[in-house]
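Me: Got a fresh model here and I'd like to talk it through. Mind fielding a few quick questions?

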Amino acid sequence: MNQPIRIAMWSGPRNISTAMMRSWGNRQDTFVIDEPFYPYYLHATGKNHPGADEVIAAGETDWSKVVGA
């Protein structure tokens with residue numbers, strides 16, 4: 001069985017990140033996740049950020065589970 005190829009990409013704010021994410025996401029053989037550590041960051045720091053409650057509720061707040069995914 002073939003092992004998956006994992007590609008991690010970082011992009012600066014207001015850059016081409018959304019275009020790249022959507023381009024990769026349109027491939028049937030690709031899985032895309034946007035900012036997987038953001039729920040953990042908001043939860044751990046308690047930062048006052050608009051929508052933080054929704055981000056935390058929808059995401060994973062245990063960093064070790066994000067890494068293991």
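What follows is a short back-and-forth on a predicted model.

Me: Let's start with the pocket. About how much space lies in the largest pocket?
Reply: The largest pocket has a lining of 33 residues. Among them, Ile-7, Ala-8, Met-9, Val-32 and Ile-33 lie nearest its centre. The space in this pocket comes to about 1600 Å³.

Me: Which helix gives the most to the lining of the largest pocket?
Reply: Two helices each supply at least two residues of that lining: α1, spanning 17–25, and α4, spanning 63–68. With five residues, the one that gives the most is α1.

Me: And the chemistry: how many residues of the lining of the largest pocket are nonpolar?
Reply: Take the 33 lining residues and sort them by type. Six turn out polar and seven charged. The nonpolar ones number 20.

Me: Moving to the surface, what is the accessible area of the nonpolar patch?
Reply: The patch is made of Phe-37, Tyr-40, Tyr-41, Trp-63 and Val-67. α2 (38–45) and α4 each supply at least two of its residues, while Phe-37 sits in the loop between α1 and α2. Together the patch residues have an accessible area of about 500 Å².

Me: Is Phe-37 buried, partly exposed or exposed?
Reply: Buried would need under 20% relative accessible area and exposed over 50%. Phe-37 has 40% relative accessibility, so the label is partly exposed.

Me: Which residue forms a salt bridge with Asp-29?
Reply: The structure holds one salt bridge. In the pair with Asp-29, the closest N and O atoms are 2.8 Å apart. The partner is Arg-27.

Me: How do those two do on accessibility: which class does Asp-29 fall in, and which does Arg-27?
Reply: The cut-off for exposed is over 50% relative accessible area. Asp-29 has 58%, so Asp-29 counts as exposed. Arg-27 has 43%, so the class for Arg-27 is partly exposed.

Me: Last residue: is Phe-31 buried or exposed?
Reply: Phe-31 is found in the loop between α1 and α2. Its relative accessibility is 72%. Anything over 50% gets the top label, so Phe-31 is exposed.

Me: And how far apart in space are Phe-31 and Arg-6?
Reply: Along the sequence, Phe-31 and Arg-6 are 25 residues apart. In space, going C-alpha to C-alpha, the distance between them is 9.6 Å.

Key: Residues are numbered from 1 along each chain as its sequence is written. This is a predicted model: local features need pLDDT of at least 70, side-chain atom pairs count only at pLDDT 80 or more; totals for chains, interfaces and linings use all residues. Side-chain values use heavy atoms; hydrogens and water are left out. On a 1 Å grid over the protein atoms alone, a cavity is a set of points where a 1.4 Å probe fits but cannot get out, and a pocket is an open set with protein on both sides within 12 Å along at least five of seven lines; lining residues have an atom within 4 Å of a point. Grid points are joined across faces, edges and corners, and a volume is the space filled by probe spheres set on the points. Helices (H or I, at least four residues) and strands (E, at least two) are DSSP runs, numbered from the N terminus. Ala, Val, Leu, Ile, Met, Phe, Trp, Tyr, Cys and Pro count as nonpolar, Asp, Glu, Lys and Arg as charged, and the others, Gly among them, as polar. Patches are made of residues with over 30% relative accessible area and no salt bridge: like charges are joined within 9 Å, nonpolar side chains (Val, Leu, Ile, Met, Phe, Trp, Tyr) within 5 Å. Accessible areas come from the Shrake-Rupley method with a 1.4 Å probe; for residues, only the protein chains shown count as cover. A salt bridge is a side-chain nitrogen of Lys or Arg within 4 Å of a carboxyl oxygen of Asp or Glu. Buried means under 20% relative accessible area, exposed over 50%, partly exposed in between (1.4 Å probe, protein chains only).
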